[in-house]
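Work through the exercises below with the sequence and the model side by side. Each task is followed by a solution that proceeds step by step.

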Amino acid sequence: MSAPTYDLGKLHGGLRLSGNKSESTSQSIVEIPIPDQLILPLHQHVGDPAQPIVGIGARVLKGQLIAERPDGTLGAPVHASSSGQVIAIEPWPVVRRYGDSAPCIVIQCDGKDEAIPVAETPIDYRQLAAEDLLSTIVKGGIVGLGGAVFPTAQKLMQANSCDIDYLLLNGVECESYISCDDVLMRERAGEIVSGAQILMHALQISACFIAVESDKPEAIRALADVLAKIDDERVVLRQVPTVYPSGGEDQLVQLVTNREVPSGGLPSDVGCLVQNVATAAAIHDWIVNGQPLISRVTTVTGDGVAKPVNVRARFGTTVANIVGYAGGYTDRAEQLIIGGPMTGKSVSTDDVPLVKASNCILVLSEAPSPGPELPCIRCGDCAAVCPVQLLPQQLFWYACADNETKLREFGLTDCIECGCCDLVCPSNIPLTAEFRVAKGRMRELADEKARAARARQRFEARNQRLEREHADRNAELSEQKDTAKRAGPAAIAEILKRKQQSDKDSD
Amino acid sequence: MGTAILTIAAIALLAGLGLSVAKRRLPANDDDLVEQVNDLLPQTQCAQCGYPGCRPFAAAVVSGDAKINLCPPGGDATILRLADLLGREPLPLAVSVQPLVAFIDESRCIGCTHCRNACPVDAIVGAHQLMHTILSDECTGCELCVAPCPVDCIDMKPIT
């Protein structure tokens, strides 16, 4: 059965990349056994780090909450991926944008994989009010598994304060090499659709699109089969063209609903909420099976691994361990990237643990050098491919000049860092890297300004307080003086006498 | 009659244009400019410029009494922004400093409140004979609390 086709919105620019996906999709998902040690970073999501609630030496069970989200902050809790003993809470090398290590809870596994008991009669989410369902989702540690790792529950809560028409499940996975969502859709289409139904209930809406790229016929077939079986007319499957970066959140909204997310806005501003298909499956696991987010499917691929494959591994398993199950490194392995080739991050060690964001472990041979960076010739190729319709050549100009006003005016904050402009630039200018740095500088400047404004406010408040205290004191003194004056010399003599008397007594 | 109206209208138009150009080219008045300069300063109130706070320094800069390179916490970035705003030549910073935050060694603090009274942004909490502590998020690193401490228990540490 093939998916019906619909009129789709158009994506500006974008690129057709070589997929390099078939290497890793030839076999089904491989389960990675429990490792000896699990290294669980406290900060695996957007927002503030989780706070550990277990101490060193504590025995923990699989699925047990070990670090919770501080109240009132953006974040997600962390659960133990297997049973064992906490042996350390210490910094460990991790994948991050800034810095190389972060505090982690290290668990020595006992191999028993003893799970925390789950309630025997699972809750039926259909009986729950939307708010109760949301507050249950909060506890599952679920974050966006497409790579952005925004806490799912908080995204839903934010969306609930807006008018939402559509839930979009993102199964586009447009970046080269990555195929974890593809195989997940092939093997767990039922759970994904169930997750979509739970999400629709939480949002109190009745329209969901599952968007899949047209180069994934098996996944489309699997989803279509499930949809035909459950006969839920609220869920509709949509094919989108194979163009990078059609899987970007705003780009997908544009493609599927033909609505444009405004600059600086969110998809909820145009009535849409986007979730990754893997996130939907994780929600099914948590709400229906009581299993919090403790593992994920990730693609291990590239010409640097012997047998590219998709694996399901527990969070905290080291990358070195996982690569071992993909046949190990080949002689050509040169660079290790966590994430895709366009948006991933290179790491210098394979001791880093698998975290919620790690959708791909990419091992590549040495990339052919793109050649030296040359001056910009203003060809405009970058503007033609930019999916956000920015003018990268102009932004580059202003980024070099550190002209914050112009960068803002030309929409640098809307750049999604997809890397299309880098690829087409005939002068080999690393545009995206420049934009990242410029964005960082803009953030720093804004922070600095906010700090200065605060310091000024406090300084002024203090001065006012001092003035007030001074005035109060003066008023008090003059009042005392007045009282004394009014009482006259007789009263003063009386007071002096009392004073002399008390001095004498104390002698 | 017609000529007179036209002449007056033309004069009014010219004067209007002249005024609008003047408004754009020249700062409106010194007070506004002082405010603009003050906005560019880091508001540490550290007095390292020799003036008793950021606004007095801004006033001195505008009146020409102070050079624009006297603000160590602002660093080169602030000098460049001031030079840009005031149309003056950028100067190298008199001394370079890195951002600092005060730290009280709580085992040595005797609770004298001297540092608390010296802090320009109320970033020190403490009462008489009780241990004091720094609100490090609010501390501007101005070092004004270091000198008054009788037991030398305040250190300035670089921000990590």
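**Exercise 1. Which domains does the assignment give for chain A, and how many residues does each bring to their contact?**

Step 1. In this predicted model, the domain assignment divides chain A into domain 1, residues 130-290, and domain 2, residues 397-507.
Step 2. Taken over C-alpha atoms, the centres of domain 1 of chain A and domain 2 of chain A are separated by 45 Å.
Step 3. Where these domains touch, domain 1 of chain A contributes 5 residues and domain 2 of chain A contributes 6 residues.
Step 4. Sorting the side of domain 1 of chain A that touches domain 2 of chain A by class gives 2 nonpolar, 3 polar and no charged residues.

**Exercise 2. Treat chain B in the manner just used, and then examine the contact between the chains.**

Step 1. For chain B the domain assignment gives domain 1 as residues 27-97 and domain 2 as residues 98-160, and the C-alpha centres of domain 1 of chain B and domain 2 of chain B lie 26 Å apart.
Step 2. Their contact draws 6 residues from domain 1 of chain B and 8 residues from domain 2 of chain B, and the side of domain 1 of chain B that touches domain 2 of chain B holds 4 nonpolar, 2 polar and no charged residues.
Step 3. Between the chains, the contact takes 6 residues from chain A and 9 residues from chain B, and the side of chain A that touches chain B consists of 3 nonpolar, no polar and 3 charged residues.
Step 4. For the model, the scores are ipTM 0.72 and pTM 0.77.

**Exercise 3. Check the length of helix α6 of chain A, and work out where its buried residues lie.**

Step 1. Helix α6 of chain A has 14 residues, 217-230, which at 1.5 Å a residue should span 20 Å, and its end C-alpha atoms are indeed 20 Å apart, so the expected span and the model agree.
Step 2. The buried residues in α6(A) are A:Ala219, A:Ile220, A:Ala222, A:Leu223, A:Val226 and A:Leu227.
Step 3. Because these residues cover an arc of only 165 degrees around the axis, they are on the same side of α6(A).
Step 4. On the face of α6(A) turned away from its buried side are the exposed residues A:Pro217, A:Ala228 and A:Lys229.
Step 5. The cover over the buried residues of α6(A) includes β9 (166-171), α4 (180-187), α5 (189-203), β10 (208-213) and β11 of chain A.
Step 6. Just after α6(A) comes A:Asp231, which takes a positive phi of about 55 degrees.

**Exercise 4. Which residues of helix α3 of chain B are buried, and what covers them?**

Step 1. In helix α3 of chain B, residues 54-63, the buried residues are B:Cys54, B:Phe57, B:Ala58, B:Val61 and B:Val62.
Step 2. Viewed down the axis of α3(B), its buried residues fall within an arc of 135 degrees, and therefore they line one face of the helix.
Step 3. Among the elements that cover the buried residues of α3(B) are α2 and α4 (75-86) of chain B.
Step 4. After α3(B) follows B:Gly64, with a positive phi near 90 degrees.

**Exercise 5. Locate backbone features that depart from the usual pattern.**

Step 1. As a reference, most residues other than glycine have a negative phi, and most peptide bonds are trans.
Step 2. The peptide bond from A:Tyr244 to A:Pro245 is cis, its omega being near 0 degrees, and A:Pro245 is placed in the loop between β11 (235-240) and α7 (249-257) of chain A.
Step 3. B:Thr113, although it is not a glycine, has a positive phi of about 70 degrees, and is found in the loop between β1 (100-104) and α5 (114-118) of chain B.
Step 4. Since 16 other C-beta atoms lie within 10 Å of B:Thr113, this residue is partly exposed.
Step 5. B:Asp122, in the loop between α5 and β2 (124-125) of chain B, has a positive phi near 50 degrees, and with 14 other C-beta atoms within 10 Å, B:Asp122 is partly exposed.

**Exercise 6. Where is the prediction's confidence low or high?**

Step 1. Chain A has a mean pLDDT of 88, with 97% of its residues reaching 70 or more.
Step 2. Among the elements of chain A, helix α1 (residues 22-25) has the lowest mean pLDDT, 84, and strand β6 (residues 78-79) the highest, 94.
Step 3. Over residues 1-6 of chain A the pLDDT is below 50, and this stretch has 10 contacts in the model beyond near neighbours in sequence.
Step 4. Chain B has a mean pLDDT of 87, and 95% of its residues reach 70 or more.

Note on methods:
Residues are numbered from 1 along each chain as its sequence is written. Chains are lettered from A and ligands numbered from 1 in the order in which they are written. This is a predicted model: local features need pLDDT of at least 70, side-chain atom pairs count only at pLDDT 80 or more; totals for chains, interfaces and linings use all residues. Domain bounds come from an automatic or database domain assignment. Two residues are in contact if their C-beta atoms, placed from the backbone, lie within 7 Å. Ala, Val, Leu, Ile, Met, Phe, Trp, Tyr, Cys and Pro count as nonpolar, Asp, Glu, Lys and Arg as charged, and the others, Gly among them, as polar. Helices (H or I, at least four residues) and strands (E, at least two) are DSSP runs, numbered from the N terminus. A residue is buried if 20 or more other C-beta atoms lie within 10 Å of its own, exposed if 12 or fewer, and partly exposed in between; C-beta atoms are placed from the backbone. pLDDT is the predictor's confidence in each residue, from 0 to 100. The expected span of a helix is 1.5 Å times one less than its number of residues. The arc is that of the directions from the helix axis to the C-beta atoms.
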